[in-house]
Amino acid sequence: MSPVLSAALAKKIDDLAARYPAKQAALLPVLHLVQNEKGFLSAEDEQAVAERLGILPVKVREVVTFYTMFRRSPVGKYHIQVCTNLSCSLAGGDGLVEHLEARLGISLGGTTADGKFTLTGVECLGACEQAPCLMINFDYYGNLDAAGIDRILEGLA
Ligand code: FES
């Protein structure tokens, strides 16, 4: 059975942790590192990170479940994170969610059958001045309406 963390990934984690006075301070960048390499963070990954950083697994779970940028299951090629918080809702965000669900044929939390899109509702993206907004992978899109979303989706291969 192969280890949860490859030797190369374990070395990257150790190198990253060495930059901090306490290894546990590297938790956020280490989780990003593991997620970038593996696509999402499994329970086994959480356990392995905890062991590597010398912290309790529950501390890793707390962080992974608090921040919506961490994924606990595989996502599609394009991960659409649509803000469902107050400013975006007041600016028409609820209608955008309905439009995305209808257009993609999935509900919040779902992935299209072809694995191309995952749709997730998230808390404030910190871009309220562009409400309503969403992120697709690491790109922000704001001041959206249904037509704008359609143009964006049509541009994604
Ligand atoms: S409420 Fe949507 S970005 Fe802040």
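In this predicted model, the buried residues of helix α6 pack against four elements, namely β1, α5 (86-90), β2 and α7 (146-154). The residues concerned are Gly 93, Leu 96, Val 97 and Leu 100. These residues lie on the same side of α6, because they cover an arc of only 100° around the axis. The face turned away from this buried side carries the exposed residues Glu 98 and Ala 102. Helix α6 spans residues 93-104 and lies across β1 and β2, with a direction at about 155° to that of β1. Its twelve residues extend over 16 Å from the first C-alpha to the last, close to the 16 Å expected at 1.5 Å a residue. The helix is followed by Gly 105, which has a positive phi near 75°.

The strands over which α6 lies, β1 and β2, belong to an open sheet of four strands with the order β2-β1-β3-β4 and mixed pairing. The edges of the sheet are formed by β2 (117-122) and β4 (139-141); each has a single partner strand, so one side of each is left without a neighbour in the sheet. Neighbouring strands are turned against each other by 20° on average, with direction ignored. Strands of a sheet pair through backbone hydrogen bonds, in either the parallel or the antiparallel sense. Strand β1, residues 78-83, runs parallel to β2 and is joined to β2 by six bridges. Within this pair, Cys 83 has Val 122 of β2 as its bridge partner. The pairing of β1 with strand β3 (residues 134-136) is antiparallel and comprises three bridges. Here Val 82 stands opposite Leu 134 of β3.

Several loops around the sheet strands contain backbone values that merit separate mention. Most residues other than glycine have a negative phi, and most peptide bonds are trans. The peptide bond from Ala 131 to Pro 132 is cis, with omega near -5°, and Pro 132 is placed in the loop between β2 and β3. A positive phi of about 50° is found at Asn 137, which is not a glycine. Asn 137 is located in the loop between β3 and β4. With 11 other C-beta atoms within 10 Å, Asn 137 is exposed, since the limit for an exposed residue is 12 or fewer. Asn 143, also a residue other than glycine, has a positive phi near 50° and lies in the loop between β4 and α7. Its count of 12 other C-beta atoms within 10 Å makes Asn 143 exposed.

A buried loop position is found at Ala 26, between α1 (7-17) and α2 (27-38). Ala 26 has 21 C-beta neighbours inside 10 Å and therefore counts as buried, the threshold being 20 or more. Leaving aside neighbours within four places in sequence, the contacts of Ala 26 are with Leu 16, Ala 17, Tyr 20 and Leu 53. For Leu 16, ten residues away along the chain, the separation between C-alpha atoms is 6.8 Å.

At the level of the whole chain, the domain assignment gives domain 1 (7-66) and domain 2 (78-154). Their centres, taken over C-alpha atoms, are separated by 29 Å. The chain contains seven helices and four strands, which follow one another from the N terminus as α-α-α-α-β-α-α-β-β-β-α. Taken along the principal axes, the C-alpha atoms fill a box of roughly 50 × 35 × 25 Å. Of the 157 residues, 23% count as buried. Among contacts between residues at least 6 apart in sequence, 57% join residues at least 24 apart.

Note on methods: Residues are numbered from 1 along each chain as its sequence is written. This is a predicted model: local features need pLDDT of at least 70, side-chain atom pairs count only at pLDDT 80 or more; totals for chains, interfaces and linings use all residues. Two strands pair if DSSP finds at least two bridges between them. Helices (H or I, at least four residues) and strands (E, at least two) are DSSP runs, numbered from the N terminus. Axes are lines fitted to C-alpha atoms, for helices over the stretch in contact, and angles run from 0 to 180 degrees between N-to-C directions. Two residues are in contact if their C-beta atoms, placed from the backbone, lie within 7 Å. The expected span of a helix is 1.5 Å times one less than its number of residues. The arc is that of the directions from the helix axis to the C-beta atoms. Domain bounds come from an automatic or database domain assignment.
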